[in-house]
Amino acid sequence: GPTSSPRDVAKAMLQYLVDHLEPSVFTKKKDAINTFDKYFFRSQPKYSEKDVEMLYLGYGNTKGLLHACGQASWKTFSLKQSSTKALGLLAKLLDKKANHDIQTFYDVFLKLDKAHIKNMKLEKHISATNGNKNAAQHILNVLKDDKYISEVLAEAAKQPSVGLTDAGKDHLDKQLK
């Protein structure tokens, strides 16, 4: 058959990930995230702003990566494992050491409405024992929005989980300054 161009593969991989992040579908979200992660950082495909927006927010009724970051288990209310993985992928996409095409990802991310950012439930990632603290901190640093950062940290402090000790909170505040 005709060989697919890298562009076709890039689009197909994007579609595959977003479709598998659909919260209502019992899919292998973690596998989809791993597969996309491996593909992306090995091939470093070029994505347009539209592509990146679709990755972040989904399309039509599908949700996208940001929403996947904030998925809690309905049984335990704690974050799903796929959520910590999704946040890890997002943090990596927003890391210039990992992503050679960071600018597009960065520009689109910083233009997003705060409602989408709040969907990631960063406060849960910071306070929960199973959250992805490092990724959440990296993303807060990327946002450089002091007001939002203090809101997230205040929320994190209120989370009922066995979260941070006071020393841990002080440390986190310092790290984010």
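## Helix H10 and the aromatic pairs

The face of helix H10 turned away from its buried side carries three exposed residues: Asp-146, Lys-147 and Lys-158. This is a predicted model, and this briefing looks at H10 and then at the aromatic rings, where a search of the whole structure finds 8 aromatic pairs.

**Helix H10**

- Helix H10 runs over residues 146–158, and at 1.5 Å a residue its 13 residues should span 18 Å; the end C-alpha atoms are 18 Å apart, so the two values agree.
- Buried residues of H10 are Tyr-148, Ile-149, Val-152, Leu-153 and Ala-156.
- Because these buried residues cover an arc of only 135 degrees around the axis, they are on the same side of H10.
- One of them, Tyr-148, has Lys-114 over the face of its ring, at 5.3 Å from the ring centre.

**Aromatic pairs**

- Among the 8 pairs, Phe-40 and Phe-41 meet edge-to-face, at 5.0 Å centre to centre with 75 degrees between the planes.
- Phe-40 has 0% relative accessibility, so it counts as buried; Phe-41, at 17%, also counts as buried, because the cut-off is under 20%.
- Tyr-56 and Phe-109 form another edge-to-face pair, with 5.8 Å between centres and 75 degrees between the planes.
- That pair links distant parts of the chain, 53 residues apart: Tyr-56 belongs to helix H3 (residues 49–57) and Phe-109 to helix H6 (residues 102–111).
- Tyr-56 and Phe-109 are both buried.

**Aromatic cluster**

- Both pairs described above belong to one aromatic cluster, made up of Phe-36, Tyr-39, Phe-40, Phe-41, Tyr-47, Tyr-56, Phe-105 and Phe-109.

Note on methods
Residues are numbered from 1 along each chain as its sequence is written. This is a predicted model: local features need pLDDT of at least 70, side-chain atom pairs count only at pLDDT 80 or more; totals for chains, interfaces and linings use all residues. Side-chain values use heavy atoms; hydrogens and water are left out. Helices (H or I, at least four residues) and strands (E, at least two) are DSSP runs, numbered from the N terminus. The expected span of a helix is 1.5 Å times one less than its number of residues. Buried means under 20% relative accessible area, exposed over 50%, partly exposed in between (1.4 Å probe, protein chains only). The arc is that of the directions from the helix axis to the C-beta atoms. Rings of Phe, Tyr and Trp (its six-membered ring) pair if their centres lie within 6.5 Å; planes under 30 degrees apart count as stacked, over 60 as edge-to-face and the rest as tilted. A charge sits over a ring if NZ of Lys or CZ of Arg is within 6 Å of the ring centre and within 35 degrees of the ring normal.
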